[in-house]
Amino acid sequence: MQELDMSKCSQCIVRKFSALKTLDKSELIYMSACKTGQTIKKGSYIFNEGDHLKGVYCIKSGVCKLVKLSSNGRNQIVRFIKRGDLLGQRSIVSDDAVSLSAIAVEDMQVCFIPKADILAVFKQNSNFSSEIINDICYDLKLANHQIVRMAHKTVRSRFATILLELQEEFGVDKDKNLSLKLSREEYANLIGTATESMIRMFANFSKEGLIELKGKNVGILEKERLKQIAEE
C-alpha cells in the first residue's frame, strides 16, 4: 500500500454514502486529522482472514471483494465493497479477528481511520453509532441471504441472480456491459461452483440469448428472462 494525502473529510463527497454523513463539522475535522490515505493495487490484500484490524477503511474509489477460504482451498466470494462503503466496521465494537479477507478487484484509493479515533466519535455521537450498528446488521442480513441462496438455488438460478445484482449495484458501462469486470474464476467463486462449470454456464446463457460475451465484458440482453430463472 502507498500512502497519499487525500482531501479533507468535510470536502469528500464519498462520506455522504456511509455513516460518516452523520458527523458534524468538528468531528469531520477531527477525522481528517486522524486518517491516512492509501492506494491499493488490483489483487493486493487489504487485510487477511485472522487479522485483528486496527481501524476502519473508507473506500474513496475502486472495489474490493470479501472472501472466505474454504476447506478445499478455494476463495468463496461473500460480497463486494465499493466506493462510499466503510470496511472493517465490526472492529469498532469487537476485538475479534476478522473472518474474511479483503482483496482489491481493481486499483483502489482508501482512507484509513485508526480504531481509537473512530471509537471516540462512536461513543459521543449517537447518530453515528446507530448508523454503524445498522450497517453491521445489514452485513449479517446479506450473509444469511447468501447462505439460503447457496443451499436452495441451482447454479443456473444463482448465476442469473448474480448477473442481475451486479447490474443493479454497479451499473453498466458505455457499451451496456456490466461495469464490474470479473474473471470466470471470480464468478465461480461468487456463485459457488467449479471454474469449468462456470465457463459452460456462460456458454449456455450466451447460446440462449440471455447475455452477450466479449472477453471479460458481459452484456445482459434478456433481463426479464434472467429474473424468471433467478426465481426458479
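This passage describes the nonpolar core, a C-terminal hairpin and the cysteines of a predicted model. Residues are numbered from 1 along each chain as its sequence is written. Local features need pLDDT of at least 70, side-chain atom pairs count only at pLDDT 80 or more, and totals for chains, interfaces and linings use all residues, while side-chain values use heavy atoms, without hydrogens and water.

The largest nonpolar core (buried Ala, Val, Leu, Ile, Met, Phe, Trp, Tyr and Cys residues joined through side-chain atoms within 4.5 Å; buried means under 20% relative accessible area, 1.4 Å probe, protein chains only) has 31 residues. Those with the most contacts inside this core are Phe-80, Phe-159, Leu-163, Leu-166, Tyr-187 and Phe-205. At least two core residues come from each of S6 (75-81), H5 (155-170), H6 (184-191), H7 (195-207), S11 and H8 (223-230), where helices (H or I, at least four residues) and strands (E, at least two) are DSSP runs numbered from the N terminus. Helix H5 gives the largest share, seven residues. Domain 1 (9-125) and domain 2 (151-231) each contribute at least three; these bounds come from an automatic or database domain assignment. Contacts of Leu-166 (heavy atoms within 4.5 Å) include Phe-80 and Tyr-187.

Strands S10 (residues 211-214) and S11 (residues 217-220) run antiparallel and are joined by four bridges; pairing requires at least two DSSP bridges. Glu-212 has Gly-219 as its bridge partner. Two residues separate the strands of this hairpin, in which Gly-215 takes a positive phi near 65 degrees.

The structure holds zero disulfides (cysteine sulfur atoms within 2.5 Å). The sulfur of Cys-111 lies 5.9 Å from that of Cys-58, the closest cysteine sulfur, too far for a bond. Cys-111 is buried at 10% relative accessibility, and Cys-34 is buried at 18%.

Conventions
Buried < 20%, exposed > 50% of the residue type's maximum accessible area, 1.4 Å probe, protein only. Lists of a residue's contacts leave out its neighbours within four places in sequence.
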